[in-house]
Amino acid sequence: MEKARIELQNISKSYYSESAVTQALRKTSLSFVHGEFVAVTGESGSGKSTLLNIIGGIDSYDEGEMIVNGRPTFQYTEEDWEEYRRSQAGYVFQDYSLIGHYTALDNITGALLIMGKDKEEARNIAIKYLKKVGLEGYEAHPATELSSGQKQRLAIARALAKNTGIYYCR
């Protein structure tokens, strides 16, 4: 049996307001292995986004433990979480989260440069992934000039180009 790449052990998360406490997750335990495809489904308000935000390192958990590649995350510093988001997870957001005035090419190369790739390598990888998602010829187009479908494919290309192994779509 393959060892889990991400393991959640009794994860709980609550949100607090002045008048209420909302428990988004209660003692949730899951594990994901390398190469596995997982879809998270459920009713509105059932904790899907919270779960994905915790796995993606965007949100914290209150109780339990998340283990990534055998390393517990309970003592992660903000710098550890930044490194996790930068190098371990590729994101595809429902609103795309593209930089509108950047070109399609720059939206991908920017993410790769932040990861430490050199400029030429980042450009070559970006061109490869633009081609894979059918955006060859759109390298110089600003993201604001792309259709919704093209923006979604650009966001997918950006996530895949990071080659992280964990892809998070929300």
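Helices (DSSP runs of H or I, at least four residues) and strands (runs of E, at least two) are numbered here from the N terminus. With that in hand, look at helix α2 (residues 78-87), where Trp 81 and Tyr 84 sit three residues apart, about one turn of the helix.

Before going on, a word on where this comes from. This is a predicted model, in which local features need pLDDT of at least 70 and side-chain atom pairs count only at pLDDT 80 or more, while totals for chains, interfaces and linings use all residues. Residues are numbered from 1 along each chain as its sequence is written, and side-chain values use heavy atoms, leaving out hydrogens and water.

## The overall picture

The protein has five helices and six strands. Going along the sequence, they come in the pattern β-β-α-β-β-α-β-α-α-α-β. Taken along the principal axes, the C-alpha atoms fill a box of roughly 50 × 40 × 30 Å.

Some words about burial come next: a residue is buried under 20% relative accessible area, exposed over 50% and partly exposed in between (1.4 Å probe, protein chains only). Of the 170 residues in the protein, 38% are buried. Two residues are in contact when heavy atoms lie within 4.5 Å. Take the contacts between residues at least 6 apart in sequence: 64% of them join residues at least 24 apart.

## Back to the aromatic rings

Rings of Phe, Tyr and Trp (its six-membered ring) pair if their centres lie within 6.5 Å; planes under 30 degrees apart are stacked, over 60 edge-to-face, and the rest tilted. The structure holds two aromatic pairs. In the pair of Trp 81 and Tyr 84, the ring centres are 5.6 Å apart and the planes stand at 90 degrees, so this one is edge-to-face. Tyr 76 joins Trp 81 and Tyr 84 in one aromatic cluster.

Are these two α2 rings on buried or exposed residues? Trp 81 counts as buried at 13% relative accessibility, and Tyr 84 counts as buried at 2%.

## Following helix α4

Helix α4 covers residues 119-132, which is 14 residues. The expected span of a helix is 1.5 Å times one less than its number of residues. For α4 that gives 20 Å, and the end C-alpha atoms are indeed 20 Å apart, so the two agree.

Which residues of α4 are buried? They are Ala 122, Ile 125, Ala 126, Tyr 129 and Leu 130. These cover an arc of only 135 degrees around the axis (going by the directions from the helix axis to the C-beta atoms), which puts them on the same side of α4. The face turned away from that buried side carries the exposed residues Glu 120 and Lys 131. Among the elements covering the buried residues are α3 (104-114) and α5 (148-161).

The two ends are worth a look as well. At the start of α4, a side-chain oxygen of Asp 118 comes within 3.1 Å of the backbone nitrogen of Glu 120. Just after the helix, Gly 134 takes a positive phi of about 80 degrees.

## Two nonpolar cores

In soluble globular proteins, nonpolar side chains tend to be buried together. A nonpolar core is a set of buried Ala, Val, Leu, Ile, Met, Phe, Trp, Tyr and Cys residues joined through side-chain atoms within 4.5 Å. The largest one here has 21 residues, and those with the most contacts inside it are Leu 98, Ile 108, Leu 112, Leu 130, Leu 154 and Ala 161. The elements giving two or more residues to this core are α3, α4 and α5. Apart from it lies another core, of 18 residues, including Ile 6, Ile 55, Tyr 84 and Tyr 91.

Leu 130 of α4 has contacts, beyond its neighbours within four places in sequence, that include Ala 104, Ile 108, Leu 154 and Ala 157.

## Strands and a loop

Here are four residues to find in the strands and a loop.

| Residue | Where | Relative accessibility |
|---|---|---|
| Ser 14 | strand β1 (residues 4-16) | 12%, buried |
| Lys 27 | strand β2 | 53%, exposed |
| Thr 28 | strand β2 (residues 21-33) | 19%, buried |
| Asn 69 | loop between β3 (63-68) and β4 (71-72) | 45%, partly exposed |

Lys 27 has a phi near 50 degrees, a positive value in a residue other than glycine. Asn 69 also has a positive phi, near 50 degrees.

Not counting residues up to four places away in sequence, Thr 28 touches Leu 8, Gln 9, Asn 10 and Ile 11. Ser 14, leaving aside its neighbours within four places, is in contact with Val 21, Thr 22, Gln 23, Ala 24 and Asp 62. The C-alpha atoms of Ser 14 and Glu 63 are separated by 9.6 Å, with the two residues 49 apart along the chain.

Methods. Polar contact = N/O pair within 3.5 Å; in protein donor to acceptor, adjacent residues only side chain to side chain.
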